[in-house]
Structure formats: structure tokens, C-alpha cells
Amino acid sequence: MSLLLAISVFGAIFGASVGLAAIVFGAIGLRVAYRREATNRGQATAGLVLGIISLALAIVIIIGIIQDSY
């Protein structure tokens, strides 16, 4: 059980940090695409959406870990 908890904590922290980075870079990419300096609007949108999903899942996992420990 403790190995599963350790993997979950590591995955949640890693997922939250990578998700936050994806949100930031996706927003930057969309801003550049709207100024017509780049043509990768779809890729920037995908990064933004997947970053939001990753961050949301990481938050749910962290809340689940905290609730399970009490």
C-alpha cells in the first residue's frame, strides 16, 4: 500500500507541475498564433487543454490522498 501511495504522490506532483507548464506554454503559443507569428494554433490549444486536464487530475489525486490519510 505504501508503494502505491508513493507512486500516487509522485505522479500527482509531477502531473501538477507539468500541467502548469503546459497551461503557461499553451497560453503563450495561442497569443503568438493570434498575432499571426506562428501557424500552430491547434497545437497550442491542445497543450492548453491537456494542461488543464492534467492539473485537474493532479488536484483530484492530491485531495484523494489527503482524504484517505484521515
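Why are F10 and F14 separated by about one helical turn? The two residues are four apart in helix α1, and they are therefore about one helical turn from each other. This pair makes a friendly entry point to the structure, which is a predicted model.

The structure contains one aromatic pair. Its members are F10 and F14, whose ring centres lie 6.0 Å apart with planes at 10 degrees, so the pair is classed as stacked. In general, a pair of aromatic rings is described by the distance of the centres and the angle of the planes. F10 has a relative accessible area of 59%, and F10 therefore counts as exposed, the cut-off for that class being over 50%.

The helix that carries this pair, α1, spans residues 2-34. With 33 residues, α1 reaches 47 Å from its first C-alpha to its last, which is close to the 48 Å expected at 1.5 Å a residue. Buried positions recur along α1: A12, G15, A16, G19, I23, G26, G29, L30 and A33 belong to this group.

A12 offers a good view of the buried side of the helix. Its relative accessibility is 1%, so A12 counts as buried, since that class takes values under 20%. Once neighbours within four places in sequence are set aside, A12 is in contact with A58, I61 and I62. Helix α2 covers residues 41-69. A12 can also be related to S54, which is 42 residues away along the chain, with a C-alpha separation of 9.0 Å.

S54 serves as a reference for another residue of α1 as well. V18 lies in helix α1, and 36 residues along the chain separate V18 from S54, while their C-alpha atoms are 7.8 Å apart. Unlike a buried residue, V18 has a relative accessible area of 42% and is therefore partly exposed. A further pair of positions is given by L50 and G15, which are 35 residues apart in sequence and 11 Å apart in space, C-alpha to C-alpha. G15 is among the buried residues of α1, whereas L50, a residue of helix α2, is exposed because its relative accessible area is 56%.

Attention can now turn to the surface. L20, V24, F25 and I28 form a nonpolar patch there, and together these residues present about 380 Å² of accessible area. One of them, F25, has its place in helix α1. At 60% relative accessibility, F25 is on the exposed side of the 50% cut-off and so counts as exposed.

The end of α1 and the segment after it bring a few local features together. V32 is still within helix α1, and its relative accessibility of 22% makes V32 partly exposed, so this residue is not classed as buried. Not counting residues up to four places away in sequence, V32 touches E37 and A38. V32 is also twelve residues from A44 along the chain, and the C-alpha atoms of this pair are separated by 9.4 Å.

R36 follows just after α1, in the loop between α1 and α2. The phi angle of R36 is near 60 degrees, a positive value in a residue other than glycine. R36 has a relative accessible area of 77% and is therefore exposed.

Which residue forms a salt bridge with E37? The partner is R35, and the closest N and O atoms of the two residues are 3.9 Å apart. That separation falls within the 4 Å limit, so the contact qualifies as a salt bridge. In general terms, side chains of opposite charge can pair when their charged atoms come close. Both E37 and R35 are exposed. A search of the whole structure finds one salt bridge. E37 thus appears twice in this part of the model, as the salt-bridge partner of R35 and as a residue touched by V32.

Technical notes: Residues are numbered from 1 along each chain as its sequence is written. This is a predicted model: local features need pLDDT of at least 70, side-chain atom pairs count only at pLDDT 80 or more; totals for chains, interfaces and linings use all residues. Side-chain values use heavy atoms; hydrogens and water are left out. Buried means under 20% relative accessible area, exposed over 50%, partly exposed in between (1.4 Å probe, protein chains only). Contact means heavy atoms within 4.5 Å. The expected span of a helix is 1.5 Å times one less than its number of residues. A salt bridge is a side-chain nitrogen of Lys or Arg within 4 Å of a carboxyl oxygen of Asp or Glu. Patches are made of residues with over 30% relative accessible area and no salt bridge: like charges are joined within 9 Å, nonpolar side chains (Val, Leu, Ile, Met, Phe, Trp, Tyr) within 5 Å. Accessible areas come from the Shrake-Rupley method with a 1.4 Å probe; for residues, only the protein chains shown count as cover. Rings of Phe, Tyr and Trp (its six-membered ring) pair if their centres lie within 6.5 Å; planes under 30 degrees apart count as stacked, over 60 as edge-to-face and the rest as tilted.
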